[in-house]
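Visitor: Could you take me through this one slowly? I'd like to know what the labels rest on, not just hear them.

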Amino acid sequence: MLGVGAVKNMFALSRSVYVTLWKRSASQAAGQRLDISGIYPPIATPFTKQEELDYHKLEENLQKYAKIPFKGLVVQGSNGEYPYLTEEERVEVVSRVRLSLPRDKLVIAGSGCESTRATVQMTERMAGVGADAVLVVTPCFYKGKMDSRALTHHFTQVADSSPVPVVLYSVPANTGLELPMDAVCGLAQHPNIVGLKDSGGDITRIGLAVHKTRGLDFQVLAGSAGFLMAAYSVGAVGGVCALANVLGRQVCELERLCVEGRWEEARELQWRLIEPNAAVTRKLGVPALKQAMEWFGFHGGACRSPLQPITESECQQLRQDFSSNGWL
């Protein structure tokens, strides 16, 4: 009978073999532009009541998500509460997702940190556990100094050293700054920067990013289901949508209708997604997303402090936003 130490060694060895094979596969694919088109839920991180990571509940969510026609998952994005996780927890969650998810589903890992040095190191660690690409948020603590020059330098350094493709991430609601358009256009020329997730909701900006980077094989993703149809209409190729954690099949159906040019049907579905999407994003945020996940058969779990559960009145409003649009 194997002892605990032997079992741990075997697990470590199997993970090492997996990562070696993955790196070999990535190396063979070098020079090929990664296609990131499609729908991704930025998955929530389930916690226990004691605010410990609940890997069992995470695994159950992953098994359900694997049956939905997502292009892949975004792990350790804003909805994953990544600022509240330790470095080791962030890497471990990505590792477990990659080992669980079918190989044909992409794993895009959030690797952004405040310093360039830390982001480079985190990016390398995420690639080491099997991430297919990394999502790098704009550093923002010194946002007054995060102009185009500083941000271009930051993302260039990360992309230069990253073993996997980089997706830029602009989320002004959380960071207090937008990635300037001149920086986007310059960075789009980098061979290892494949796209932008824009969560600002300004469709003219999304359309301009598509227009200005035409011919560069640069891909723009909408950062919310609330403006997904509008983003597709101006050239976006997919979306990273919090609502997909709850209504994944419906968000994927909206994508299909847009891609097929069935705009009248898409518009009807888009209308029904606007209010529930707003409820789990800008209105009530991650705690509401986690509550809605519980209603729809997924595990949201507790939030990690200082985030608090939604109040009873907020819960009633959340239920109204879903039920009035026919989802509950």
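Guide: Sure, let's begin with a term: a residue is buried under 20% relative accessible area, exposed over 50%, and partly exposed in between, using a 1.4 Å probe and protein chains only. Bear in mind that this is a predicted model, where local features need pLDDT of at least 70, side-chain atom pairs count only at pLDDT 80 or more, and totals for chains, interfaces and linings use all residues. Residues are numbered from 1 along each chain as its sequence is written, and side-chain values use heavy atoms, with hydrogens and water left out.

Visitor: Then what makes isoleucine 108 count as buried?

Guide: Its relative accessible area is 2%, and the cut-off is under 20%, so isoleucine 108 is buried. You'll find it in strand E3, residues 106-110; strands are DSSP runs of E with at least two residues, helices are runs of H or I with at least four, and both are numbered from the N terminus.

Visitor: Which residues does isoleucine 108 touch?

Guide: Leaving out residues up to four places away in sequence, isoleucine 108 touches Tyr40, Leu73, Val74, Val75, Ala133, Val134 and Leu135. Contact here means heavy atoms within 4.5 Å.

Visitor: How do you know that the span of helix H3 agrees with its length?

Guide: The expected span is 1.5 Å times one less than the number of residues. H3 has 14 residues (87-100), so it should span 20 Å, and its end C-alpha atoms are indeed 20 Å apart. H4 passes the check too: its 13 residues should span 18 Å, and its ends are 18 Å apart.

Visitor: Why are H3 and H4 called roughly parallel?

Guide: They pack at an angle of about 30 degrees, with axes 9 Å apart. Axes are lines fitted to C-alpha atoms, for helices over the stretch in contact, and angles run from 0 to 180 degrees between N-to-C directions. Under 35 degrees counts as roughly parallel, over 145 as roughly antiparallel, 65 to 115 as roughly perpendicular and the rest as oblique. H3 and H4 are therefore roughly parallel.

Visitor: Which residues of H3 and H4 meet?

Guide: Glu87, Glu88, Arg90, Val91 and Val94 in H3 meet Met122, Arg125 and Met126 in H4. This contact divides into four nonpolar, no polar and four charged residues. Nonpolar covers Ala, Val, Leu, Ile, Met, Phe, Trp, Tyr, Cys and Pro, charged covers Asp, Glu, Lys and Arg, and the others, Gly among them, are polar.

Visitor: And how does H4 lie against H5?

Guide: H4 and H5 (residues 148-161) pack at about 30 degrees, with axes 9 Å apart. That makes H4 roughly parallel to H5. Thr116, Thr119, Val120, Thr123 and Glu124 of H4 make the contact with His154, Gln157, Val158 and Ser161 of H5. Here the split is two nonpolar, six polar and one charged.

Visitor: What makes glutamine 76 and aspartate 217 worth a look?

Guide: Most residues other than glycine have a negative phi. Glutamine 76 has a positive phi of about 70 degrees, and aspartate 217 has one of about 55 degrees.

Visitor: Are those two buried or exposed, or in between?

Guide: Glutamine 76, at 2% relative accessibility, counts as buried. Aspartate 217, at 46%, counts as partly exposed.
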